[in-house]
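Take a look at the chain below. We will start with one residue, then move to charged pairs, and end with the overall fold.

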Amino acid sequence: MNFKIEKRIGVRATSERIWEVIADLPGWDRWNPVETGVTGAISFGGTINLTERIEGLPERQVAGRVADWQPHAQLVWTEKRGFLFNVIRYYEIEQLEPGSCIVANGFIFSGFMGEGFHDKHKRAIRTACETIAEALKTASEAD
């Protein structure tokens, strides 16, 4: 069974501009207070490494593998946290009309341990998603 935590937000920017902010992995330090020190490559099977700082949880190093990506639309990576716990992390951009988009970011937890982690930490993770959404909105609407 999968457990999902997601935040969707309206952004007054083009999908191209939002993707520009997301695709600049080293630039995440300028806007993303939760996922910092991001390195890697957005390519099929590429790796994304970052430091995750979710309030109330210990800071941790994340090593993810890009599972899917489409410019101006989505970035998805997977992370194994052990034999019984997997995480899918994603950003999705849905253009409503030129200059207006809905952007989602979220976590999908699976596996036996994923259910317990979700149940125990869902408030902190929801807050992290909200913080990321607001920060991405601000960065994308700047200029």
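Is Arg89 buried or exposed? Arg89 is buried, because its relative accessible area is 2% and buried means under 20% relative accessible area (exposed is over 50%, partly exposed is in between; 1.4 Å probe, protein chains only).

A word on the source. This is a predicted model, in which local features need pLDDT of at least 70, side-chain atom pairs count only at pLDDT 80 or more, and totals for chains, interfaces and linings use all residues. Residues are numbered from 1 along each chain as its sequence is written, and side-chain values use heavy atoms, with hydrogens and water left out.

Back to Arg89. This residue lies in strand 6 (residues 86-97). Helices (H or I, at least four residues) and strands (E, at least two) are DSSP runs, numbered from the N terminus. What does the side chain of Arg89 make a polar contact with? The partner is the side chain of Asn105, at 3.2 Å. A polar contact is a pair of N or O atoms within 3.5 Å; within protein, one must be able to donate a hydrogen and the other to accept it, and residues adjacent in sequence count only if both atoms are side-chain atoms. Asn105 is also one of the residues in contact with Arg89 once neighbours within four places in sequence are left aside. The others are Glu35, Leu75, Val76, Trp77, Gly106, Phe107 and Ile132. Contact here means heavy atoms within 4.5 Å.

Now the charged pairs. The structure holds nine salt bridges, each a side-chain nitrogen of Lys or Arg within 4 Å of a carboxyl oxygen of Asp or Glu. Strand 6 takes part through Glu94, which forms a salt bridge with Arg8, the closest N and O atoms being 3.4 Å apart. This pair links distant parts of the chain: Glu94 sits in strand 6 and Arg8 in strand 1 (residues 2-11), 86 residues apart. Glu94 is partly exposed, at 40% relative accessible area. Arg8 is partly exposed too, at 41%.

Another salt bridge joins the side chains of Lys4 and Glu6, with 3.6 Å from N to O. Lys4 counts as exposed, at 51% relative accessibility. Glu6 counts as partly exposed, at 30%.

A third pair is Arg60 and Glu52, whose closest N and O atoms are 2.9 Å apart. Shared partners join Glu52, Arg60 and Glu79 into one network of salt bridges. Glu52 counts as buried, at 6% relative accessibility. Arg60 is partly exposed, at 22%.

Step back to the whole chain. How many helices and strands does the chain have? There are three helices and seven strands. From the N terminus on, the order is β-α-α-β-β-β-β-β-β-α. Among contacts between residues at least 6 apart in sequence, 50% join residues at least 24 apart. Of the 143 residues, 45% count as buried.

The C-alpha atoms fill a box of roughly 40 × 30 × 25 Å along the principal axes. The chain has a radius of gyration of 14 Å, which agrees with the value near 15 Å for a compact globule of 143 residues. That radius is taken over C-alpha atoms, and the globule rule is 2.2 Å times the number of residues to the power 0.38.

Last comes confidence. Mean pLDDT (the predictor's confidence in each residue, from 0 to 100) is 92 for the chain, and 94% of residues reach 70 or more. Among the elements, helix 1 (residues 15-23) has the highest mean, 98, and helix 3 (residues 112-141) the lowest, 87.
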